[in-house]
Amino acid sequence: METERPKIGFFKRLSLVWFRLMGAILQLWIRPTVLPAPFEDLELDPDKPICYVIDWYETTSLAILDKVCETLGLPRPRWPMQTEGVSEPRSYLAMRRKTGMIIRRPEVRRHSETLKRFVENVCEDRVDDIQLVPVTILIGRAPDKETGLAKIFFTESWEIGGRFWRFLNSIVNGRNTMVQFSDPISLATMAEEGLGPSRTLRKVSRILRVHFQRQRAAAIGPDLSHRRTVVEQVLRSPSVSTAIEDHARKEKVSRDKAAEAARAHAYEIAANYSYGLVRIVSFLLTWFWNRIYDGVEVRHFRSFKKQAPDYELIYVPCHRSHIDYLLLSYILYHRGFVPPHIAAGLNLNLPILGRVLRKGGAFFLRRSFRSNKLYSAVFHEYIAKIMSNGTAIEYFIEGTRSRTGRLLQPKGGMLSMTVRSYLRTRSRPVMFQPIYIGYEKLAEGKSYIAELSGEKKKKETWGDLLRARRVLKQQFGKVHVSFSEPIFLDDLLDRHDPNWRDSSLDSEEKPSWLTPLVNELGLGIMTGINLATHVNGINLLAVVLLTTRKLALGREELIDQLALYLDLVDQAAYSDRLTRTQRTPEQIIDYGIEMGVIEALENPLGDIIAVKSDQSILLTYFRNNIAHLAAVPSLVTSCFLNTDHMRIRDVRRIALAVYPFLKAELFLPWDYEGFLATVDGCIDWLLKHDLLLQSEDETILRKPEGGTREDLQLRVMGHALLQTFERYYIVVAVLAKNGSGVLSRGELERLCILTAQRISQLNEFAAPEFYDRHQIRQFINLLVETSILRIEDDKLEFNSVLQQINEDSKLVLSEEIRYNILRVAPQVIAEAPL
């Protein structure tokens, strides 16, 4: 955009020369980062007058803005604004100014006089329109730039320093400057509301004030009170005061002693956010990431950034590693957002480390506090308080890190508290942001293997942190972070209670619709995380090689299978936020060898690519990361593992029968109609690649001739979720062997776990989740919820549907597998040990 320079008088020209000279001097050390990027995203109309609006008048900031506008070919802020019938000496205005030569204090005024003239001119039709362009200029707060410890002490905060401080800040942090242009505000559009000049001026001023507050809060964090002040506000709240009285009466102690107990709870919980520490940690993490990772790729951030300023943000990522919360906070900080307050388990509140984490934004919670009414009241009030302050929050609704690579079932505790806090305060609408985090190698890999192999989870200690130094000697590939579609709480509330805005909710009230809403919200978040999956090369190697008997394939066969899966991801109608590696199959194999997860075994007839012996268990983790993507293709192709042909209607029937269980376990996104459409699309894709053949009347599907390349590809794809189907069949087999009305739910669960463990040992399964207690329990619960099982006198009774499932299993599972499961499946044992 090139702008013609207006006619300028002599004295004004002298002023501009001086100002330009100062800008040239500043340019020697100031290198601003301009947002948005690309700048074309800004919706500016070049044919309308432009007035830049800055929050505080500072000569340094204005000089930076002038230089940026010159570079971008925009009208310069110091140029006069000349429009038909109106002339202004400059093209900028400041919402706030300081007065005084030595002791400078904020000027007391209700609005900018320049803004008042602009509004009056437009409202009284002397000017057609003026575009107000808010510009946020932060020195020492540029995304993606942190270069020295000294620079963290001169940087932006909520306290606006004097001239000398700003000068020092521009010298020290000039290369870390952010200039954020926001979408223009049309005064003509505001005037069309018919409020008149006075009310329109107040409205525009309010919009601009709120905008600058939100921009600064998003960049450097909300204007937080001291931790002690927040704690005192929490303790003075009506809900906590009532809980203190109840605690004193119940425990028969004085109110002062009960209040001290509440205070101790509050200090145990509360974060103690420090901007300085965040900047130091950011500097150290830059070195750390560069040391262990080949890069961090962030996707779909732009759409999130555009929506974020209008909402109270709740970040809800998946939980794969302790790296998760460090990584997400780092990404947000280096893209212009304040790191959120993060819910952390009390097990991480170690000496010294706990204080550091608090200053980084961590607040601590106990694993369970339902029975402790006083602690519960304090925690609820703390969440409500930081939400009302506009503080972004992050928590992991899975409750713990996933050791299997699959998403865990969501826990509703923090979600419920967030919803109830919003209903009490209603300060800003709430936006939940699901985030997918995918690794190519895990820092906790060895401990995960130990836990998956049966060892108990060890409690975190300082020794773990010291041993983590070994991580610095390894390479962990790339990390992929993908922002999914956000979930807006107001929309959920409208569906569950259309009158929620007209009702009030106290701290103890729990409306009947709250639990269904929280359940829907939790499932929506987990489904959203899966919708933003990035498929990396390690995922693809795992999903292919772990289906083979010897965990190996010939190089050419592996290349063919990888190419097939890459095409499947490209053609899948799973999500528009689904992404994949851009490596070719050959490059994926080379990368897997480089990362140490596979090896090439030379053979005269061609290389064999095999999983390294110490990586088989850990690779199940990366296979499970994309199990939801392989679900439908594996389900369809598994129908042809033990039969040559099948009617399409039978494929659809079997798929529908299994879908409720797969949907719950893998958080699949479709309703029944959408699922059937996906199954049909998958069949079309298989036909296109000759993995299935179709009869002339298009009613029967046949598998390829045995021994062909297509037959091998079909079998590899069909085995991707075979162990999941075997786990389902174990439950059916144990029920059938013991009979209806014999086993209780607990007995069935114990017998199924024992059977799965024995089958795993006999067949050398490298998949510990095969006998995972939670997966088996969930399947049993779903059988009850779908009325396939019913409970009578604490015993489980089943109907004919179970027999149909048993018959359908013959099409998916081989006779050998079914025989082994039936043979191993025990009858009721008095006290089956686990």
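Which residues of strand 8 are buried on one side, and which on the other? The legends below take up this question and then turn to other parts of the structure, which is a predicted model.

**View 1. Strand 8 and the residues on its two faces.** Strand 8, made of residues 131–139, is mostly covered, with nine of its nine residues buried. On one side the buried residues are Gln131, Val133, Val135, Ile137 and Ile139, and on the other side they are Leu132, Pro134, Thr136 and Leu138, so that both faces of the strand are covered. In a regular strand the side chains alternate between the two faces of the sheet.

**View 2. The strands that pair with strand 8.** Strand 2 and strand 8 run parallel and are joined by four bridges, and within this pairing Ile50 stands opposite Gln131 of strand 8. Strand 9, residues 177–181, runs antiparallel to strand 8 and is joined to it by five bridges, with Leu138 standing opposite Met178 of strand 9. Strand 10, residues 185–186, also pairs with strand 8 in the antiparallel sense, here over two bridges, and the bridge partner of Leu132 in strand 10 is Ile185.

**View 3. A cis peptide bond ahead of strand 2.** The peptide bond that leads from Leu35 to Pro36 is cis, and its omega is near 5°. Pro36 has its place in the loop between strand 1 (32–35) and strand 2 (50–56). Most residues other than glycine have a negative phi, and most peptide bonds are trans.

**View 4. Two loop residues with positive phi.** Ile352 is a residue other than glycine, yet its phi is near 70°, a positive value. Ile352 is found in the loop between strand 13 (341–345) and helix 13 (353–359), and its relative accessibility of 61% means that it counts as exposed, because exposed residues are those over 50%. Ser787, which is likewise not a glycine, has a positive phi of about 65°, and Ser787 is found in the loop between helix 30 (773–785) and strand 27 (789–792).

**View 5. An open sheet of three strands, with a helix across it.** The order of the strands in this open sheet is 20-23-22, and their pairing is antiparallel. Strand 20 (552–554) and strand 22 (598–601) stand at the edges, where each has a single partner strand, so one side of each is left without a neighbour in the sheet. From one strand to the next the twist averages 25°. Strand 20 pairs with strand 23, residues 608–611, in the antiparallel sense over three bridges, and Ala610 in strand 23 is the bridge partner of Ala552. Helix 21, residues 555–571, lies across strand 20, strand 22 and strand 23, and runs at about 100° to strand 20.

**View 6. A salt bridge between helix 8 and helix 9.** The structure holds 33 salt bridges, and one of them is formed where the side chains of Glu245 and Arg255 meet, at 2.7 Å from N to O. This pair links distant parts of the chain, since Glu245 belongs to helix 8 (residues 238–251) and Arg255 to helix 9 (residues 255–269), with their positions 10 residues apart in the numbering. Glu245 is partly exposed, with a relative accessible area of 36%, and Arg255 is also partly exposed, with a relative accessible area of 34%.

**View 7. Further salt bridges and a network.** The side chains of Arg501 and Asp494 meet in a salt bridge of 2.7 Å, N to O; Arg501 counts as partly exposed at 45% relative accessibility, and Asp494 counts as partly exposed at 29%. Arg790 forms a salt bridge with Glu797, in which the closest N and O atoms are 3.0 Å apart. Arg790 is partly exposed, with a relative accessible area of 42%, and Glu797 counts as partly exposed at 23% relative accessibility. Elsewhere, Glu232, Glu260 and Arg263 are joined into one network by salt bridges that share partners.

**View 8. Two buried cysteines in a structure with zero disulfides.** The structure holds zero disulfides. Cys69 is buried, with a relative accessible area of 0%, and Cys318 counts as buried at 0% relative accessibility.

How values were computed:
Residues numbered from 1 in each chain as written. Predicted model: local features only at pLDDT ≥ 70, side-chain atom pairs only at ≥ 80, totals over all residues. Heavy atoms only, no water. Buried < 20%, exposed > 50% of the residue type's maximum accessible area, 1.4 Å probe, protein only. Disulfide = S-S within 2.5 Å. Pairing = 2+ DSSP bridges. Axes fitted to C-alpha atoms, helices over the stretch in contact; angles between N-to-C directions. Contact = heavy atoms within 4.5 Å. Salt bridge = Lys/Arg side-chain N within 4 Å of Asp/Glu carboxyl O.
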